[in-house]
Number of protein chains: 2
Amino acid sequence: MFEQLGVIGCGLMGGSFALALKERGLVRRVVGYSKSPSTTALARELGVIDDTADSALSAMSGSDIVLMAVPVAATEATFKAIKPLVDPQVLLMDVGSTKRDVVDAARRVLRERVGAFVPAHPIAGKESAGVQHADAQLYHRCQVILTPLPQTEPELLKKARDVWTAVGASVVSMAPEQHDAAFAAVSHLPHLLAYAYYNAVSQQPNGAEFLALAGPGFRDFTRIAASDPTVWRDIFSANREELLKQSQRFRHALEAFELALKTGNLPATEALIRSAAEGRSQWHIHNPGSRR
Amino acid sequence: MFEQLGVIGCGLMGGSFALALKERGLVRRVVGYSKSPSTTALARELGVIDDTADSALSAMSGSDIVLMAVPVAATEATFKAIKPLVDPQVLLMDVGSTKRDVVDAARRVLRERVGAFVPAHPIAGKESAGVQHADAQLYHRCQVILTPLPQTEPELLKKARDVWTAVGASVVSMAPEQHDAAFAAVSHLPHLLAYAYYNAVSQQPNGAEFLALAGPGFRDFTRIAASDPTVWRDIFSANREELLKQSQRFRHALEAFELALKTGNLPATEALIRSAAEGRSQWHIHNPGSRR
């Protein structure tokens with residue numbers, strides 16, 4: 001049980017965390033800060049937060065748990081703003097989709113206090129952003145990756161595991177580098193491919209006519225191509241080395257298909273397809289009970 | 001109203017067409033043939049067909065409407081088998097996902113009778129194949145592409161439009177070449193990319209660990225990578241020229257992203273993402289009332 005949650009960045013992720021803790025009686029009071037006062041006002045109106053703070057630092061004040069849910073590009077500035085109140089008595093976490101850059105910023109800014117920060121990445125989200133879509137169940141049955149540093153306080157790490165578990169998530173720990181390599185492969189690359197594919201189709205001479213014929217397979221394949229441009233610009237940029245490595249692996253896999261097609265090699269084409277189809281048929285999303 | 005529907009290939013597509021016509025009272029009797037006698041028996045047991053035929057030719061006999069719903073690779077052999085009964089009094093259609101190869105086979109085999117064949121491609125399907133998944137609503141709100149030849153009997157073309165409209169589909173006509181170019185872009189290429197992507201991820205050293213972390217975006221992006229290997233081997237092979245052209249366009253679009261990332265050009269990265277994201281946000285599947 002926490003006394004006060006400070007939410008820095010009252011969007012979908014921060015707002016959902018606040019609602020999840022409130023719904024389960026895990027916190028007495030929630031104080032929120034957002035860069036835009038109208039967002040903070042809306043969060044309060046919706047009952048997501050109980051009180052508004054006029055700065056990131058004042059959202060820290062009096063809080064024993066703080067969630068930084070700001071765009072990745074704003075992480076370093078946020079660390080600078082809150083540094084005076086960073087303390088091993090307060091569980092401070094983020095929700096960023098990349099972790100090496102966040103950890104680097106934490107080391108640079110927080111220095112000897114870096115052990116009070118527990119880097120976190122909940123694998124959850126919705127197509128629709130904003131506090132108006134905040135949902136107490138967003139983290140239920142999702143995975144949360146924690147990427148602790150050697151200096152991370154063991155007690156804070158335990159508290160972090162406990163609070164995510166309490167809201168229904170399953171918690172995995174790994175090194176920041178390992179996290180970024182994995183998510184380059186299973187999340188950032190699919191976004192890159194979906195964006196590139198949509199551009200390739202829409203920008204050809206008959207693109208508009210073609211798009212009018214597209215069906216359910218296209219719809220699902222391109223759903224992530226509607227994801228927020230500034231968020232994904234920053235993720236791509238923060239993780240570009242791993243992303244470019246994965247993109248190269250992908251191009252090799254595509255070239256294997258192209259070669260089989262160009263040479264009319266039906267058994268090779270089928271073997272490549274079969275390898276993917278059998279793997280994908282057996283794959284299940286980690287979340288128990290969710291759609292495949 | 002038709003007297004007798006002959007279904008050649010009692011799978012998901014053929015079975016759903018039979019159920020759709022029956023449900024709407026558009027046919028008195030359905031006769032079905034499948035290569036595997038157990039499939040035909042199951043179709044009869046399920047009430048999808050009323051009688052079994054022991055050959056494709058005998059499914060034609062006495063029918064005034066015939067749907068060939070066989071794998072694309074079996075199209076030419078099927079035309080040969082049924083040729084003696086191909087007649088402008090009978091509406092003969094297929095459901096193939098590629099059309100140039102089907103039309104070529106029809107020209108080669110049916111020769112002067114080719115005008116009795118109306119090539120059709122209903123943009124419908126399910127992940128689960130087989131007559132046990134046949135569904136009277138499968139074609140409701142889907143698009144059906146007809147690719148008539150200059151010789152196609154106008155009256156048969158009209159009947160084809162009418163019957164697909166009657167089962168709830170909307171009908172579009174175009175040349176076979178135009179069809180294959182469009183579907184290379186909006187259907188065949190996404191399948192190719194999804195298969196290649198799944199192989200690239202799963203075949204790397206930490207692939208299995210990475211896949212265990214994948215979330216909802218990955219799930220939707222790779223759903224089509226579970227599609228049937230022999231069906232898609234044949235589609236890729238039948239349409240490989242257009243598919244390879246589209247794959248090249250895609251590689252150019254991907255290279256534009258890679259260049260922006262390698263040079264750390266954030267505005268260019270964002271512009272590429274924004275172009276796709278804005279397009280995809282405005283795109284709607286043709287089917288009215290369905291999910292985006």
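This note goes through the fold of chain A, its interface with chain B and the relation between the two copies, all in a predicted model.

1. Chain A contains twelve helices and nine strands. Its C-alpha atoms, taken along the principal axes, fill a box of roughly 70 × 40 × 35 Å. The radius of gyration of chain A is 21 Å, which agrees with the value near 19 Å that a compact globule of 292 residues would have.

2. As to packing within the chain, 55% of the 292 residues of chain A count as buried. Of the contacts in chain A between residues at least 6 apart in sequence, 77% join residues that are at least 24 apart.

3. The interface brings 72 residues of chain A into contact with 72 residues of chain B. On the side of chain A that touches chain B, the elements giving two or more residues are α7 (176-202), α8 (207-212), α9 (216-222), α10 (229-238), α11 (240-262) and α12 (266-282) of chain A. The largest share of that side, 16 residues, is supplied by α7(A). By residue class, the side of chain A that touches chain B divides into 42 nonpolar, 17 polar and 13 charged residues.

4. Turning to symmetry, a turn of 180 degrees with a shift of 0.0 Å along the axis lays chain A on chain B with an RMSD of 0.1 Å, and the two copies are thus related as by a two-fold rotation axis. The residue of chain A that comes closest to the rotation axis is A:Phe221, whose C-alpha lies at 2.1 Å. Because 100% of the interface residues of chain A are also interface residues in chain B, the copies meet through the same surface.

5. One helix pair across the interface deserves a separate point. α7(A) packs with helix α12 (residues 266-282) of chain B at an angle of about 70 degrees, and their axes are 9 Å apart. An angle of 65 to 115 degrees counts as roughly perpendicular, and α7(A) and α12(B) are therefore roughly perpendicular to each other.

6. In this pair, α7(A) contributes A:Tyr195, A:Tyr198, A:Asn199 and A:Ser202, which meet B:Leu272, B:Ile273, B:Ser275, B:Ala276, B:Gly279 and B:Arg280 in α12(B). The residues of the contact of α7(A) with α12(B) divide into five nonpolar, four polar and one charged.

Methods
Residues are numbered from 1 along each chain as its sequence is written. Chains are lettered from A and ligands numbered from 1 in the order in which they are written. This is a predicted model: local features need pLDDT of at least 70, side-chain atom pairs count only at pLDDT 80 or more; totals for chains, interfaces and linings use all residues. Helices (H or I, at least four residues) and strands (E, at least two) are DSSP runs, numbered from the N terminus. The radius of gyration is taken over C-alpha atoms; the globule rule is 2.2 Å times the number of residues to the power 0.38. A residue is buried if 20 or more other C-beta atoms lie within 10 Å of its own, exposed if 12 or fewer, and partly exposed in between; C-beta atoms are placed from the backbone. Two residues are in contact if their C-beta atoms, placed from the backbone, lie within 7 Å. Ala, Val, Leu, Ile, Met, Phe, Trp, Tyr, Cys and Pro count as nonpolar, Asp, Glu, Lys and Arg as charged, and the others, Gly among them, as polar. Copies are superposed by least squares on the C-alpha atoms of residues with pLDDT of at least 70 in both. Axes are lines fitted to C-alpha atoms, for helices over the stretch in contact, and angles run from 0 to 180 degrees between N-to-C directions. Angles under 35 degrees count as roughly parallel, over 145 as roughly antiparallel, 65 to 115 as roughly perpendicular and the rest as oblique.
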